[in-house]
Amino acid sequence: MLTHKLSFSGATSIMVKGSYGMAVNAFSGALERATTYPIAATAQHNRGLAHKGLGDLAKARADFNGALQDDPYYATAYYNRAVILDSQ
């Protein structure tokens, strides 16, 4: 079984390559296994980026909100949520 860090890194690599659907699945798996707040908040934020890449802005916004629940000081999540809100 992959460690949290490896599964998170793998999900990030998938997203960078533009395979957003696969990245959503990979980040969802990382979230299921994440037990520490920085990994969970970052995985949820990055899954939001993947949803945004797929054009699913409602799911992207929900993930950014979830990341902010885990880490209310996550500036990048605030920024990306604002981008979503501005585009709607």
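**View 1. The whole chain, with 5 helices and 0 strands.** Helices here are DSSP runs of H or I with at least four residues, strands are runs of E with at least two, and both are numbered from the N terminus. This is a predicted model, in which local features need pLDDT of at least 70 and side-chain atom pairs count only at pLDDT 80 or more, while totals for chains, interfaces and linings use all residues. Residues are numbered from 1 along each chain as its sequence is written, and side-chain values use heavy atoms, with hydrogens and water left out. Along the sequence, the pattern reads α-α-α-α-α. The radius of gyration is 12 Å, close to the 12 Å that the globule rule gives for 88 residues, so the chain is as compact as a globular protein of that length. That radius is taken over C-alpha atoms, and the rule is 2.2 Å times the number of residues to the power 0.38. Along the principal axes, the C-alpha atoms fill a box of roughly 40 × 25 × 15 Å.

**View 2. The largest nonpolar core, with 13 residues.** Such a core is a set of buried Ala, Val, Leu, Ile, Met, Phe, Trp, Tyr and Cys residues joined through side-chain atoms within 4.5 Å. Buried means under 20% relative accessible area, exposed over 50%, and partly exposed in between, with a 1.4 Å probe and protein chains only. Look for Met-15, Ala-23, Phe-27, Ala-43 and Ala-50, which touch the most other members. Helix H1 (4–16), helix H2 (20–33) and helix H3 (37–54) each supply at least two residues of this core, and the largest share, 6 residues, comes from H2. A second, separate core of 5 residues includes Ala-41, Ala-67, Leu-68 and Ala-77.

**View 3. Helix H2 and its residue Phe-27.** H2 has 14 residues and reaches 20 Å from its first C-alpha to its last, close to the 20 Å expected at 1.5 Å a residue; the expected span is 1.5 Å times one less than the number of residues. Its buried residues are Ala-23, Val-24, Ala-26, Phe-27, Gly-29, Ala-30 and Leu-31. Leaving out residues up to four places away in sequence, Phe-27 touches Phe-8, Ala-11, Thr-12, Met-15, Ala-43, Asn-46 and Arg-47, where contact means heavy atoms within 4.5 Å.

**View 4. Gln-44 in helix H3.** Gln-44 counts as buried, at 15% relative accessibility. Its contacts, not counting residues up to four places away in sequence, are Leu-31, Ala-62, Asp-63, Gly-66, Ala-67 and Asp-70.

**View 5. The two faces of helix H5.** H5 has 13 residues and reaches 19 Å from its first C-alpha to its last, close to the 18 Å expected at 1.5 Å a residue. Ala-77, Asn-80 and Ile-84 are buried in H5. They cover an arc of only 70 degrees around the axis, which puts them on the same side of H5; the arc is that of the directions from the helix axis to the C-beta atoms. H3 and helix H4 (57–70) are included in what covers these buried residues. Turned away from the buried side is a face carrying the exposed residues Ala-75, Tyr-79 and Asp-86.

**View 6. Asn-80 in helix H5 (residues 75–87).** Asn-80 is buried, with a relative accessible area of 9%. Not counting residues up to four places away in sequence, Asn-80 touches His-45, Leu-49 and Phe-64.
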